[in-house]
Structures are given as C-alpha cells and as structure tokens.
Amino acid sequence: MTSRREGSPFAGLSTIALKEAADHMNSIRIHLVMVLVLLTAIGSVYAAIGQIKATVGEDQFLFLRLFTTAQQPLPSFVFFLGFLVPLVAIALGFDAINGEYNRRTLSRVLSQPIYRDALLTGKFLGGLLVIAICLLALWLLVTGLGMLLLGLPPSGEEIARGLAFLFASFVYAGVWLAVALAFSTIVKSPATSALCALTAWLLFTVFWPMLAPLIAGAVAPIDPLDPMTAVHQIHVQQAIARISPNTLYGETTLALLNPATRSLGLLFADQLSGALMGAPLPFSLSVVLIWPQLAGMIAALLVLFTIAYVSFQRQEIRA
Amino acid sequence: MTTVIEARGLIKRYGHFAAVDGIDLTVEKGEVFGLLGPNGSGKTTTILLLLGLTEPTAGSISVLGLDPLRRPLAVKRRIGYLPDQIGFYDHLTAWENLAYTARLAGLISKEADGRITGALGRVRLEEVANRRVATFSRGMRQRLGLAEVLVKKAEIAILDEPTSGLDPQSAQELLDLIRELAGEGVTFVLSSHQLAMMQTICGRVGLFRRGQVGLVGRVEDLTANVLGGTFRIEVETENADLVKVLAGVRHVSGLTPLQGRRWRIDADADVRADVAHRIVGAGGALHSITMRQATLDEVYVRFFEGENHDVAA
C-alpha cells in the first residue's frame with residue numbers, strides 16, 4: 001500500500017555485515033567447524049603430496065594434482081571441500097533470523113533507522129565475508145604447503161585455475177549459506193532450522209547421487225530395441241543429478257582442476273575423432289565448459305536468497 | 001504545546017481479527033502518555049504502527065510531522081523504542097551493544113563514544129559497561145535499553161511494558177529515570193497493564209480494550225469522572241447507627257456496609273470532618289476514618305465492567 005519509501009535500503013548494511021562477520025569469527029561454533037575443515041584439508045593434501053612424490057611423471061599440471069589426488073583411505077581435498085563447505089555455510093547461517101527473534105533483539109534492531117533489507121542482506125554478506133576469508137586462507141595454505149613440500153612453484157595457468165576453483169567454492173558455499181538463511185527465516189526455532197538445513201545437505205551430498213539413477217530409470221525406461229533410449233536415460237539422470245549443487249560443484253572442480261576434461265556429459269566416438277586423448281584444454285575453454293554449472297549455482301543462490309527475502313519481508317516483527 | 005504523535009482511525013487486521021480497531025490518538029510534546037490495558041488489547045500493535053514496523057490496514061499516522069510508512073528512517077532516527085522483553089546480544093558487552101545500535105543509527109564513532117559513556121552513567125551502568133550482557137538482570141537490561149534511547153538522543157521514547165517482570169525496587173528506579181528524562185523534554189509513550197504503577201507517572205493515559213481506546217484523558221480527570229466525582233470514605237466505628245447518623249448530611253450519596261465494623265461512604269465532597277464530628281456526637285466510637293483515592297484500576301474495572309476479559313485477551 002505504500003508506493004514509495006524514502007531513504008536507502010542499504011543504510012546500516014556494512015555495519016551489520018561487519019558485526020555479523022566479527023560475531024562469526026569469535027564464535028566457538030565456527031572455530032570448531034573450521035578446525036575440522038583445516039585438519040581434513042591438511043591431511044588430504046599431505047597424503048596427496050606423498051602420492052605425487054611417489055609417482056613422479058611428466059605432468060604439466062602437477063600443482064593441481066594437490067587438490068584432486070586421493071590416497072586411500074583419505075579422499076581428495078576437493079572431495080572434502082565439497083562435503084564440508086556446506087557444513088561451514090550452514091553453521092554460519094542457520095540461526096541468522098530466527099536467532100534474532102529468540103534473543104528478542106529483532107524489534108530493537110529494526111527500530112533503528114535501517115530497513116529490513118539491510119538486516120537480511122547484511123547477515124548474508126557477513127557470512128559470505130567469513131566464507132571468503134576462510135576459503136582464501138585455506139587455498140593459500142594448501143598452495144604454500146605444496147610449494148614447500150613439492151619444491152616447485154605453480155605456473156600461471158595453475159594459479160588461474162586455482163583462483164577459478166576458489167571462486168567456484170565460494171559460490172558453492174554461498175548457495176548453502178542461502179539455504180541456511182532461507183530456513184532461518186521460514187522456521188521459527190533455530191534447532192529445527194539447523195536440522196532442516198542439515199537434512200538438505202545430507203540429501204544432496206549423500207542420497208542424491210543414489211536417487212538420480214532410480215528416478216531416471218522410472219522416468220525414462222530403457223527400451224532394449226532402441227539404443228537411443230539408453231542415451232535419453234543418461235541425459236535425464238544427469239539433469240536430475242544436476243539439481244544438486246553438490247553435482248554442479250563436483251563437475252566444476254573436475255573441469256577446472258583436471259584440464260584434460262573435455263566434456264561433462266556423454267561424448268560419442270565420432271565427436272572425439274581427431275582429438276588428442278589426454279591433451280589439456282586451455283583455461284578459457286575449461287571456463288566455457290563449466291559456465292552453465294557456475295551460472296546454475298549463482299542462480300540457485302539468488303533464488304534461495306529471494307525466498308528468504310520475501311519470507312522475511314512478509315513476517316510480523318512482533319515475536 | 002505541539003502535537004508529536006497523531007493517529008487517525010487506525011486499523012490493523014490480521015485476517016478477520018482486528019488487533020487495532022479504529023484508534024484515534026494524539027500525544028503532545030513533552031508529556032508522558034500511557035497506553036494502558038490488558039494483554040492483547042492492541043497496545044503493542046499500536047506501538048509497532050507508530051514506529052512503522054507494521055503497516056496499518058487503514059488510517060493515518062503522523063509522528064513528528066512525518067509519515068512513518070513513507071519516511072521510516074527519518075522517523076526511526078528520532079524515536080527510541082524499548083520492546084517488551086527487551087533483548088540484547090548476550091555475548092557482547094553493554095558498551096558494545098550500544099556501540100552497535102549507535103552505528104546503525106548513523107552516529108560516527110567519536111561522538112557515539114562520548115554519548116555512550118554519558119548514557120551508561122545516567123542509567124548507573126558505567127561500572128558494568130564492559131561486562132557481557134548475559135550476566136545482566138532484567139532491571140539492568142531495561143536500564144540499558146533506556147541508555148540506548150539516550151545515546152540516540154531520541155525526541156520520543158516508546159516503552160513497551162517497561163516495568164513488567166521487574167522487582168518493585170528496579171521498577172521504581174526505572175520510573176524515576178523516566179520521570180527525570182521527561183523533565184528534560186523527552187516525550188514518553190508507555191504501555192502497560194500495571195495500571196497502578198503507571199498512574200504515578202503518566203500525565204495522560206488512553207485505556208485500551210479490544211483494539212480500541214475506551215477512554216483518554218488526564219489521570220485525575222479520569223479517576224474523578226468515571227467514579228462520578230466520588231470521594232470514597234471508609235470508616236470503622238462502633239456503637240453508632242451510621243444510617244441514622246448520616247441522614248441529612250450534605251454531599252453524601254451512598255452508604256454501604258463492609259466487613260465487620262467498617263462502612264463505606266460515597267460522597268461528592270470531602271466530608272470526613274463532618275462525618276467524624278457526627279459519629280462522635282452520637283456517642284459512637286470512631287476507630288478510623290480514611291479517604292480512598294480512586295485508582296486507574298478501579299476506573300478500568302468500572303469502565304469495562306462486565307466485559308469478558310478472555311474475549312478481550
């Protein structure tokens with residue numbers, strides 16, 4: 001019913017974002033999760049270095065192997081990150097809004113000369129800031145560890161690919177932060193919203209890869225007389241799997257850190273004719289390859305944030 | 001006198017339920033105005049409407065000459081608000097909590113620092129300024145909330161149930177502070193269901209019931225008017241037939257026997273001296289004679305007599 005409001009919706013935004021970031025940096029919750037991430041990261045990279053040293057070969061992108069090499073029983077650094085980054089993001093965001101309700105600080109903060117927009121966006125940006133700092137620190141740590149223990153500097157392209165990987169991880173974490181934020185506005189109790197977010201996390205990281213083939217089998221059954229139905233089923237399965245941000249992130253890191261990756265889907269033999277198997281793609285083409293995945297994650301982030309935004313704007317302030 | 005808050009025909013509906021059902025209200029600069037009524041009678045909703053935190057279904061509001069819906073930031077910059085059950089960030093100190101809201105209010109840090117120190121001194125929290133708010137009692141939190149209003153240099157302070165849940169001493173302390181600030185020209189709007197406590201501090205009050213303001217006026221006028229300008233005198237006496245003794249005494253309008261030897265006399269003037277004189281003159285023993293001032297509680301009960309409070313709540 002109000003057509004126009006005066007004043008900037010960004011008043012107080014940086015204050016809120018910085019305060020949130022400072023709170024996160026001081027909170028035990030985040031310290032715990034970060035210690036977990038750090039330990040697994042160092043462990044997996046250390047194991048990868050051992051593996052790389054043992055199998056010295058002519059590899060143009062030795063440095064990127066740091067991220068992707070797995071040595072039993074430890075999975076690779078990338079796998080760990082894909083698994084644990086959502087946890088960090090959820091820990092940062094699951095009680096963003098309903099926590100304010102429960103502490104009864106919401107109406108007091110909103111009675112300051114700021115809009116609600118600033119509170120929600122500030123909390124989101126504060127979380128993103130913490131994630132960015134953590135990921136950057138982690139990335140530098142791994143790179144430094146690699147330089148020290150492998151004794152060779154990364155090439156320019158490896159750095160570019162590494163930075164792109166860093167950015168993709170950041171967007172991926174942003175998606176999960178938006179998931180947590182959305183739950184924190186919709187669900188009234190922080191414990192419930194944490195459980196909801198963790199359920200979504202488990203569903204997409206653990207169960208989705210199992211569910212996708214099942215659903216695809218039901219939606220697009222294979223006709224034994226028509227080989228194209230098999231292709232169709234694989235396409236459907238891939239489309240379903242890509243609903244999970246975990247799949248998108250996995251494909252993104254695969255293409256970025258493994259330059260030999262030429263396609264993220266099916267390739268027919270005739271499409272490969274004339275290709276030099278195992279020859280690396282230039283960085284720009286790898287980026288083109290992952291562009292849909294990256295755009296998909298950014299879109300998911302925006303949609304989830306919009307859901308949180310709309311539900312927060314419609315809420316009554318009184319607790 | 002200038003009007004700082006003006007509401008006309010304010011209505012707020014949640015579905016079919018009208019939390020605020022056609023309220024007209026004016027508050028003058030520098031007064032202490034009480035929004036009184038039972039829980040659920042629309043006080044908090046009215047406050048949220050004044051702050052622009054909720055949109056009215058119908059009606060118009062003007063706060064300091066501004067529309068809180070159109071210019072919420074300008075309004076909120078000049079109003080301080082203490083919500084019911086005020087909450088602070090427990091892991092931050094009192095000082096940090098105030099610094100945060102001061103930054104949100106757009107104060108630059110140097111000026112804010114001075115104001116925060118001053119405000120904490122005013123509410124006698126300077127010694128615990130660097131303690132985490134988690135350790136604060138309810139009374140201390142309320143005072144910290146008042147300090148926030150001071151830091152902001154708010155022209156209007158809106159306090160929702162400021163004394164509920166406080167022990168009598170803390171409540172008194174808070175009321176003293178409010179009185180002190182009101183003396184300095186801050187306009188206060190207080191909401192409460194503790195009518196007796198508010199009677200001592202409010203200049204004017206609006207009595208709420210079921211989303212409407214039943215009565216508005218100065219406390220003295222309300223207590224006088226609703227009881228029909230009655231003076232209630234209670235006497236405790238022996239050996240005197242009061243009915244006979246008081247027959248023909250001017251101003252006396254009613255006589256009701258109470259427990260034991262006590263009687264209640266309703267009169268439209270202070271007739272204590274006359275009554276005492278007559279009882280003693282008739283050979284009666286007068287143990288006590290007191291006049292009871294009408295309280296807002298009584299006003300409320302009289303005014304809304306027979307109302308079903310469950311429905312109102």
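**B:Ala171**

I started with B:Ala171 in this predicted model. Its relative accessibility comes out at 0%, so I put B:Ala171 down as buried, the cut-off being under 20%. I placed B:Ala171 in helix 6 of chain B, which covers residues 168–183.

Next I looked up what B:Ala171 touches, skipping its neighbours within four places in sequence. I got B:Thr163, B:Leu166 and B:Met197. I checked B:Met197 further: 26 residues separate it from B:Ala171 in sequence, and the C-alpha to C-alpha distance is 8.8 Å.

**A:Leu214 and its patch**

Then I went over to chain A. Is A:Leu214 buried or exposed? I have A:Leu214 as exposed, because its relative accessible area is 60% and the cut-off is over 50%. A:Leu214 sits in helix 9 of chain A, residues 190–219.

I also found A:Leu214 in a nonpolar surface patch, along with A:Leu202, A:Leu203, A:Phe207, A:Met210, A:Leu211, A:Ile215 and A:Val219. Together they come to about 690 Å² of accessible area.

**Largest pocket**

Last, I pulled up the largest pocket and noted about 530 Å³ of space in it. I counted 26 lining residues, and those closest to the centre are A:Lys19, A:Asp23, A:His24, A:Ser27 and B:His91.

Which helix gives the most to this lining? I get helix 1 of chain A, with seven residues. For the helices that each supply at least two lining residues, I listed helix 1 (13–26), helix 2 (28–54), helix 4 (77–93), helix 5 (98–103) and helix 8 (156–186) of chain A, plus helix 3 (94–104) of chain B.

Key
Residues are numbered from 1 along each chain as its sequence is written. Chains are lettered from A and ligands numbered from 1 in the order in which they are written. This is a predicted model: local features need pLDDT of at least 70, side-chain atom pairs count only at pLDDT 80 or more; totals for chains, interfaces and linings use all residues. Side-chain values use heavy atoms; hydrogens and water are left out. Helices (H or I, at least four residues) and strands (E, at least two) are DSSP runs, numbered from the N terminus. Buried means under 20% relative accessible area, exposed over 50%, partly exposed in between (1.4 Å probe, protein chains only). Contact means heavy atoms within 4.5 Å. Patches are made of residues with over 30% relative accessible area and no salt bridge: like charges are joined within 9 Å, nonpolar side chains (Val, Leu, Ile, Met, Phe, Trp, Tyr) within 5 Å. Accessible areas come from the Shrake-Rupley method with a 1.4 Å probe; for residues, only the protein chains shown count as cover. A salt bridge is a side-chain nitrogen of Lys or Arg within 4 Å of a carboxyl oxygen of Asp or Glu. On a 1 Å grid over the protein atoms alone, a cavity is a set of points where a 1.4 Å probe fits but cannot get out, and a pocket is an open set with protein on both sides within 12 Å along at least five of seven lines; lining residues have an atom within 4 Å of a point. Grid points are joined across faces, edges and corners, and a volume is the space filled by probe spheres set on the points.
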